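Colleague: Before I rely on any of the labels attached to this model, I would like to hear the reasoning behind them. Could we take them one at a time?

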Amino acid sequence: MFGLFKKKKIIFEDQLNKLSELGIFMSPDLKKELLLEEFSRNEYEEDPYNLLLLTLGGEVEVNVNL
């Protein structure tokens with residue numbers, strides 16, 4: 001019975017793909033590895049969509065070698 005309230009684990013890439021289908025996506029010049037520097041894959045999968053949306057909506061610092 002309590003299994004009904006348990007959050008389903010959703011793979012990180014599946015979350016990115018689903019959000020992209022809904023029109024929420026990363027800038028084309030950024031890679032998913034940048035998101036994984038902030039939080040681990042397991043953290044994104046334990047709290048699906050919430051953490052990813054928070055991260056996508058935040059600021060990202062990118063080192064640019066000129």
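The conversation below goes through the labels and the values behind them.

Colleague: What makes up the fold, and how confident is the predictor in it?

Modeller: This is a predicted model, and its protein chain has four helices and zero strands, which read along the sequence as α-α-α-α. The average pLDDT of the protein chain is 84, and 79% of the residues score at least 70. Among the helices, confidence is lowest in α2 (residues 32-38), with a mean of 89, and highest in α1, with 96. Where pLDDT is low, the predicted coordinates should not be read in detail.

Colleague: Why is Tyr44 called buried, and why is Phe39 called partly exposed?

Modeller: Buried means under 20% relative accessible area, and partly exposed lies between that value and 50%. Tyr44 has a relative accessibility of 0%, so it counts as buried, whereas Phe39 has a relative accessible area of 23% and is therefore partly exposed. Over the whole protein chain, buried residues make up 18% of the 66 residues.

Colleague: What makes the pair of Phe12 and Tyr44 tilted, and what makes the pair of Phe39 and Tyr44 edge-to-face?

Modeller: The structure holds two aromatic pairs. For Phe12 and Tyr44 the centres are 4.9 Å apart and the planes stand at 40°; rings pair if their centres lie within 6.5 Å, and planes under 30 degrees apart count as stacked, over 60 as edge-to-face and the rest as tilted, so this pair is tilted. The pair links distant parts of the chain, with Phe12 in helix α1 (residues 12-21) and Tyr44 in helix α3, 32 residues apart. Phe39 and Tyr44 lie 5.9 Å apart, centre to centre, with 85° between the planes, an angle over 60 degrees, and this pair is therefore edge-to-face. Phe12, Phe39 and Tyr44 form one aromatic cluster.

Colleague: Which residues make up the largest nonpolar core, and which elements give two or more residues to it?

Modeller: The largest nonpolar core has eight residues in all, namely Phe12, Leu16, Leu19, Met26, Leu35, Tyr44, Leu51 and Leu52. The elements that give two or more residues to this core are α1 and α4, and the largest share, three residues, comes from α1. Leu19, one of the core residues, touches Ile24, Tyr49, Leu52, Leu53 and Leu56, not counting residues up to four places away in sequence.

Colleague: Why does Pro48 count as buried and Tyr49 as partly exposed?

Modeller: Pro48 is found in the loop between α3 and α4, and so is Tyr49, with α3 covering 41-46 and α4 covering 50-56. Pro48 has a relative accessible area of 11%, which is under 20%, so it is buried. Tyr49, at 24% relative accessibility, is over that limit but not over 50%, and therefore counts as partly exposed. Tyr49 also has a positive phi of about 70° although it is not a glycine.

Colleague: How do you know that parts of the chain far apart in sequence come together?

Modeller: Pro48 and Phe12 are 36 residues apart in sequence, and their C-alpha atoms are 7.8 Å apart in space. For the protein chain, among contacts between residues at least 6 apart in sequence, 64% join residues at least 24 apart.

Conventions:
Residues numbered from 1 in each chain as written. Predicted model: local features only at pLDDT ≥ 70, side-chain atom pairs only at ≥ 80, totals over all residues. Heavy atoms only, no water. Buried < 20%, exposed > 50% of the residue type's maximum accessible area, 1.4 Å probe, protein only. Contact = heavy atoms within 4.5 Å. Phe/Tyr/Trp six-rings, centres within 6.5 Å; stacked < 30°, edge-to-face > 60°. pLDDT = per-residue confidence, 0-100. Core = buried A, V, L, I, M, F, W, Y, C linked by side-chain atoms within 4.5 Å.
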